[in-house]
Structure formats: C-alpha cells, structure tokens
Amino acid sequence: MFNGQTLKRNFLEASEAAFLLGIETKTLYNWKLAGKIKAINLGRTTRGRLRISIAEVERLLGGKISITEEPNVDK
C-alpha cells in the first residue's frame with residue numbers, strides 16, 4: 001500500500017489515511033462529516049474522492065508518520 005513515493009505527497013487517499021489511523025474508510029468519512037477531521041472532497045457528492053493532508057493524520061496520531069517497510073520494486 002505504501003511506498004517511497006507516499007510521503008512525498010501532501011495528501012493521502014481516504015484508504016491510506018484510514019489504514020494509518022487504524023479505522024475503516026467509512027469511519028473516516030463519518031469523522032469528516034462530524035468535523036473531527038479536516039479533509040477535501042474532490043468529487044461533487046459528500047462521499048466523493050476524499051483526500052486528507054499528511055499533517056492532519058499526524059495531528060490525530062500525535063506524531064510524525066514514518067514508513068518502515070521497503071518500497072515495492074517490481075523486477
């Protein structure tokens with residue numbers, strides 16, 4: 001799921017953020033609706049493609065995100 005490019009971006013997809021937070025993606029959408037997390041909808045609907053800043057995920061985790069697994073490299 002994560003590779004060396006993940007943290008070079010400013011925003012995470014909903015599934016990535018949910019994984020890091022240890023919650024279901026549906027819960028993440030509910031948190032956004034409740035105002036518990038700041039996120040951006042890229043679609044027209046309430047449940048459009050959600051993006052969450054890495055800084056926001058770090059705020060909820062109480063620290064920096066670190067990826068310890070090696071990048072997937074297809075040979």
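**Close-up views of the sheet, the helices and the core**

**View 1. The open sheet and its edges.** In this predicted model, 3 strands form an open sheet in the order S1-S3-S2, with antiparallel pairing (two strands pair if DSSP finds at least two bridges between them; strands, E, of at least two residues and helices, H or I, of at least four are DSSP runs, numbered from the N terminus). Strand S1 (11-13) and strand S2 (40-41) stand at the edges, and each has a single partner strand, so one side of each is left without a neighbour in the sheet. S1 and S3 run antiparallel and are joined by 3 bridges, and Glu13 has Arg51 in S3 as its bridge partner.

**View 2. Helices packed on the sheet.** H1 packs on the sheet, where it touches S1 and S3, and its direction makes about 90° with that of S1 (contact means heavy atoms within 4.5 Å; axes are lines fitted to C-alpha atoms, for helices over the stretch in contact, and angles run from 0 to 180 degrees between N-to-C directions). H3 also packs on the sheet, touching S1 and S3, with its direction at about 65° to that of S3. In H3, Ile54, Glu56, Val57 and Glu58 are buried (under 20% relative accessible area with a 1.4 Å probe, protein chains only), and the buried residues of H3 pack against S1, H1 and S3. Gly62, whose phi is positive, near 80°, follows H3.

**View 3. The crossing of H1 and H2.** The axes of H1 and H2 come within 8 Å and cross at roughly 100°, which makes H1 roughly perpendicular to H2 (65 to 115 degrees). Ala14, Ser15, Ala17, Ala18 and Leu21 in H1 meet Thr25, Leu28, Tyr29 and Trp31 in H2; the residues of this contact divide into 7 nonpolar, 2 polar and no charged.

**View 4. The largest nonpolar core.** This core has 12 residues, among them Leu12, Leu28, Ile37, Leu50 and Val57 (a nonpolar core is a set of buried Ala, Val, Leu, Ile, Met, Phe, Trp, Tyr and Cys residues joined through side-chain atoms within 4.5 Å). Helix H1 (14-21), helix H2 (25-34), strand S3 (50-53) and helix H3 (54-61) each supply at least two of its residues, and the largest share, 3 residues, comes from H1. Leaving aside neighbours within four places in sequence, Val57 is in contact with Leu12, Ala17, Leu20, Leu21, Ile52 and Ile65.

**Notes.** Residues are numbered from 1 along each chain as its sequence is written, and side-chain values use heavy atoms, with hydrogens and water left out. Local features need pLDDT of at least 70 and side-chain atom pairs count only at pLDDT 80 or more, whereas totals for chains, interfaces and linings use all residues.

Notes
Buried < 20%, exposed > 50% of the residue type's maximum accessible area, 1.4 Å probe, protein only. Parallel < 35°, antiparallel > 145°, perpendicular 65-115°, else oblique. Nonpolar A, V, L, I, M, F, W, Y, C, P; charged D, E, K, R; others polar.
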